[in-house]
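User: I'd like to learn how to read a model like this one, feature by feature. Can you walk me through it?

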2 protein chains.
Amino acid sequence: MSIAEIERYLHSSVPLCRAMGVSVREASPARVRLAAPLAPNLNPHASVFGGSAVAIAILAAWTLLTVRERAAGYGAGLIIQRSSMRYERPITADFEALCELTDEARYARFRALLERRGRARITLTAWLQQDTVRAASFEGDFVGLRARERPR
Amino acid sequence: MSIAEIERYLHSSVPLCRAMGVSVREASPARVRLAAPLAPNLNPHASVFGGSAVAIAILAAWTLLTVRERAAGYGAGLIIQRSSMRYERPITADFEALCELTDEARYARFRALLERRGRARITLTAWLQQDTVRAASFEGDFVGLRARERPR
């Protein structure tokens, strides 16, 4: 999937993503970088709403797992089970969300369990930045469900 | 503030709130109940996007604190510092977010510290439900800033 295809997929399957103005800047199995403008994501203090911040972090992590599944020819359903966010400084301009996964052994364990049991969990971290300065830290647990066990 | 005034304030100061279709059902110092339709909050599995779920929980908690501050004639700025969400079951229809705060001693300690130091923290919990069945649990730390110390 090209970056443009991933962006179209996100916008069509997650309406909030379009409302937030999210664009895809990078999307590889190792790293996803999403960007969003300030205006549609404002809070009453003229900075980024905490709900927008965690939503784009979830999208970055979910996109990374989706890119990995598709690149490998798999098709697990990926559902978030837990999210936590620490807001470290207010974001007062356009911003980015980044998620990286370079620990291949960890992903291989997730895949192996998913194949064996039809269900497995993986924890990803992500962060938000404004002008390359880190502004928030995210951690999320995602559950992968083998394609044929995906009625949810 | 009436329920209609609170809803107008949320929609005008948090654009994402409007995009999510959030409406205010109850708003007292003890309890806030917000509602949202499924359609603008969908994920690719035809259930509620995890980002929408945590965003409406943050809004419910933030609204409760704002209602309390205004009802008491105070005007602290309220900023989220940490959020965590546990997704317990997929939400497949219109849903609600509820936040309650009935521990007056805890709120009194927060107010006292805010007055004395210009800054204080309070933890609130909230939950999401579909047809009165609980679907997700939220916890958030909010920092209150005395009005005159609110440059953020």
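Analyst: Happy to. One term up front: two residues are in contact if their C-beta atoms, placed from the backbone, lie within 7 Å. Keep in mind, too, that this is a predicted model.

User: Let's try that term out, then. Leaving aside its neighbours within four places in sequence, which residues is B:A57 in contact with?

Analyst: For B:A57 the list, without neighbours up to four places off in sequence, is B:M85, B:A97, B:A126, B:L128 and B:F138. B:A57 also shows up in the largest nonpolar core, which has 100 residues. Along with A:A57, A:A60 and B:A60, B:A57 is among those with the most contacts inside that core.

User: How about B:I122: buried or exposed?

Analyst: The cut-off for buried is 20 or more other C-beta atoms within 10 Å. B:I122 has 21 C-beta neighbours inside 10 Å, so B:I122 counts as buried. B:I122 sits in strand 5 of chain B and touches B:F110, B:F142 and B:G144, once residues up to four places away in sequence are set aside. As for B:L38, 84 residues apart from B:I122 along the chain, the two C-alpha atoms are separated by 30 Å.

User: On to the sheet. How do I read strand pairing, and in what order do the strands come?

Analyst: The general idea is that strands of a sheet pair through backbone hydrogen bonds, either parallel or antiparallel. Here, twelve strands form an open sheet with antiparallel pairing, in the order 1(A)-2(A)-4(A)-5(A)-6(A)-3(A)-3(B)-6(B)-5(B)-4(B)-2(B)-1(B). At the edges stand strand 1 (23–27) of chain A and strand 1 (23–27) of chain B; each has a single partner strand, so one side of each is left without a neighbour in the sheet. On average, and ignoring direction, neighbouring strands are turned by 20° against each other.

User: Does anything lie against the sheet, and which strands does helix 4 of chain B touch?

Analyst: Helix 4 (residues 104–117) of chain B packs on the sheet, where it touches strand 5 and strand 6 of chain B. The helix direction makes about 145° with that of strand 5 of chain B.

User: How many bridges are there between strand 5 and strand 6 of chain A?

Analyst: Strand 5 (residues 119–130) and strand 6 (residues 133–145) of chain A pair over twelve bridges, in the antiparallel sense. You can follow the register: A:Q130 has A:V133 as its bridge partner, and A:T123 stands opposite A:D141. The two strands form a hairpin with two residues between them, and A:D131 in the turn has a positive phi of about 55°. Strand 6 of chain A also joins strand 3 of chain A, through ten antiparallel bridges; there, A:G77 is partnered with A:L145.

User: What should I make of a positive phi?

Analyst: Most residues other than glycine have a negative phi. A:A46 is not a glycine, yet has a positive phi of about 65°. A:A46 lies in the loop between strand 2 (31–36) and helix 3 (50–71) of chain A, and counts as exposed with 11 C-beta neighbours inside 10 Å. B:T132 has a positive phi near 65°; its place is the loop between strand 5 (119–130) and strand 6 (133–145) of chain B. With 6 C-beta neighbours inside 10 Å, B:T132 counts as exposed.

User: Now the interface. How many residues of each chain take part?

Analyst: 33 residues of chain B are in contact with 33 residues of chain A. On the chain B side, strand 3 gives the largest share, ten residues. By class, that side has 18 nonpolar, twelve polar and three charged residues. Strand 3 of chain A and strand 3 of chain B run antiparallel and are joined by five bridges; one of the pairings is A:R82 with B:R86.

User: And what rotation superposes chain B on chain A?

Analyst: A rotation of 180° with 0.0 Å of shift along its axis does, at an RMSD of 0.0 Å. That is the relation of a two-fold axis. In chain B, the C-alpha nearest the axis belongs to B:S84, 2.1 Å from it. The copies meet through the same surface, because 100% of the interface residues of chain B are also interface residues in chain A.

Key. Residues are numbered from 1 along each chain as its sequence is written. Chains are lettered from A and ligands numbered from 1 in the order in which they are written. This is a predicted model: local features need pLDDT of at least 70, side-chain atom pairs count only at pLDDT 80 or more; totals for chains, interfaces and linings use all residues. Helices (H or I, at least four residues) and strands (E, at least two) are DSSP runs, numbered from the N terminus. Ala, Val, Leu, Ile, Met, Phe, Trp, Tyr, Cys and Pro count as nonpolar, Asp, Glu, Lys and Arg as charged, and the others, Gly among them, as polar. Two strands pair if DSSP finds at least two bridges between them. A residue is buried if 20 or more other C-beta atoms lie within 10 Å of its own, exposed if 12 or fewer, and partly exposed in between; C-beta atoms are placed from the backbone. Axes are lines fitted to C-alpha atoms, for helices over the stretch in contact, and angles run from 0 to 180 degrees between N-to-C directions. A nonpolar core is a set of buried Ala, Val, Leu, Ile, Met, Phe, Trp, Tyr and Cys residues joined through C-beta atoms within 7 Å. Copies are superposed by least squares on the C-alpha atoms of residues with pLDDT of at least 70 in both.
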